[in-house]
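Please work through the following exercises with the sequence and the model at hand. Each task is followed by a solution in steps.

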Amino acid sequence: SSGGVMIAPKTKPTPAEGPKVATDAPPIFVVLLPAGESELQAKGTQKVGWGQDGLSPKGIEQAKKAGKLMSQSGIQFDAVFTSVQKQAVYTAWTALMEGQDLAVPQYKSYRLNDRHWGKLQGRSEKDLEQSYDKEHLKNWTKDAPPPLEHSNVQHPVQDPLYRAIPQTLQPGSESMRNVFDRVLPLLSDNITPMLQMGKSILVVGHEASIYAMCQLLEGDDELEDEEFPQGEPWILEIDQELFVKKKVVLNDGFLRRLQFRFSDTAGDLVPTNPGKAGPAGNAGNGVEGNAAAPPPPKVKEEYTIEVTILSAKNLRDADWMYGTSDPYCWVKTSNKEDEPFSTKTISNASNVVKWDEKKTIKIKRGTSLNFSIWDEDWGKKDDHLGECTLNFEDILENFNGKMALLEQSGKVAPGKTGKGAFLHLSVKVLD
């Protein structure tokens, strides 16, 4: 229920300590950057497909902003992967020019190209609406549109750029599933080995290929309605087992998180390394950015925040006989004086549980939030499905993203498919 108000559950679940898996290994980062707005997109053509197109003035600014954010984050990239389309190549070059990583190895692959839209490619939305009925256009958002013939100049077989690629791999049209299949070999054969060596990667692609790359990194090949806006970098923090622990938008709030830590005693803001920005857990190992870092948030004793529980995915089936669960999310702060609250229970939930419920609360400086998901069993003890903890630093950055769920033992919750379970939430500081 959109904008629903959270309520206290009828029975309080067994309190969870919310332990985390301790590790001394530095985090691995993958930054996913969709190309900035192209010239054709600025003119109303959204389905550019495999077309070669430069960046619009807006697209150039998007790339520059992304580059400044990445530079200030202090994440040192060991490799950059782009598509072979101008939009992505220009976005990568423009972004890297804002920082110090100009000499980083760069690899181009058609596997990061945008989705090929077949006969819809290069046409304006208005033109498409006049040529096809709404039902077909809706179906083609995931299914393959009518393909181009090999003789068409827009077919990849007519482009010398793809001469070395077998014609069987050159599409005349693609579904979203086809894009997943195209991206997967690049991830498994080229990117994964680098991640296994602890290297951090920048991937610059397009909305469809970035979406596919993100889903595959998360171990999830199901098609969802998730958007990756042009020129907006997303950062995935990955552990040594290549498990995605956290996914957030790289913004000014995230930079404050990287550049400042909180003392264990008073919760005061302390620079990790004055003048430099180093990723959390790598303080002092970052590089100096050429743009001014955002100022630290003003320290107060009390904050008003809005907590939104959006959804959960891949929760295990607590009711194994029926293959379902009845989950609700229980939220408590690290301050024992604060009243906990919860979402409503979703009965017979499917793979994706949607709550979209908000709660405005006051917290003290240094407070963390623990989110635990439970399966409601009438007359029995509720089953624990997973939990995660949002630290005070995360709260101040206005966190909006996904958190991996842990079991009460601190191990990663395998979820329904064994690929992990996730909670999508956002927290916004209101004052």
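**Exercise 1: Aromatic residues**

Phe180, Tyr211, Phe228 and Trp234 form one aromatic cluster. The model is a predicted one. Task: determine which charged end sits over the ring of phenylalanine 180.

Solution. Step 1: a search of the whole structure yields ten aromatic pairs. Step 2: phenylalanine 180 belongs to the cluster named above, and the charged end of arginine 177 sits over its ring, 5.4 Å from the centre. Step 3: the ring of tryptophan 117 also has a charge over it, that of lysine 47, at 4.8 Å from the ring centre.

**Exercise 2: A salt bridge between loops**

Task: explain why the salt bridge of lysine 119 and glutamate 149 ties together separate parts of the chain.

Solution. Step 1: the two side chains meet with an N to O distance of 3.5 Å. Step 2: lysine 119 lies in the loop between strand 4 and helix 4, and glutamate 149 in the loop between helix 5 and helix 6, so the pair joins parts 30 residues apart in sequence. Step 3: lysine 119 has a relative accessible area of 35% and is therefore partly exposed; glutamate 149, at 44%, is partly exposed.

**Exercise 3: Lysine 246**

Task: establish whether lysine 246 is buried or exposed, and identify the partner in its salt bridge.

Solution. Step 1: the partner is aspartate 394, with the closest N and O atoms 2.7 Å apart. Step 2: lysine 246 lies in strand 7 and aspartate 394 in helix 9, 148 residues apart. Step 3: buried means under 20% relative accessible area; lysine 246, at 10%, is therefore buried, and aspartate 394 is buried at 4%.

Note on methods: Residues numbered from 1 in each chain as written. Predicted model: local features only at pLDDT ≥ 70, side-chain atom pairs only at ≥ 80, totals over all residues. Heavy atoms only, no water. Phe/Tyr/Trp six-rings, centres within 6.5 Å; stacked < 30°, edge-to-face > 60°. Lys NZ or Arg CZ within 6 Å of the ring centre and 35° of its normal. Salt bridge = Lys/Arg side-chain N within 4 Å of Asp/Glu carboxyl O. Helix = DSSP H or I, 4+ residues; strand = E, 2+ residues; numbered from the N terminus. Buried < 20%, exposed > 50% of the residue type's maximum accessible area, 1.4 Å probe, protein only.
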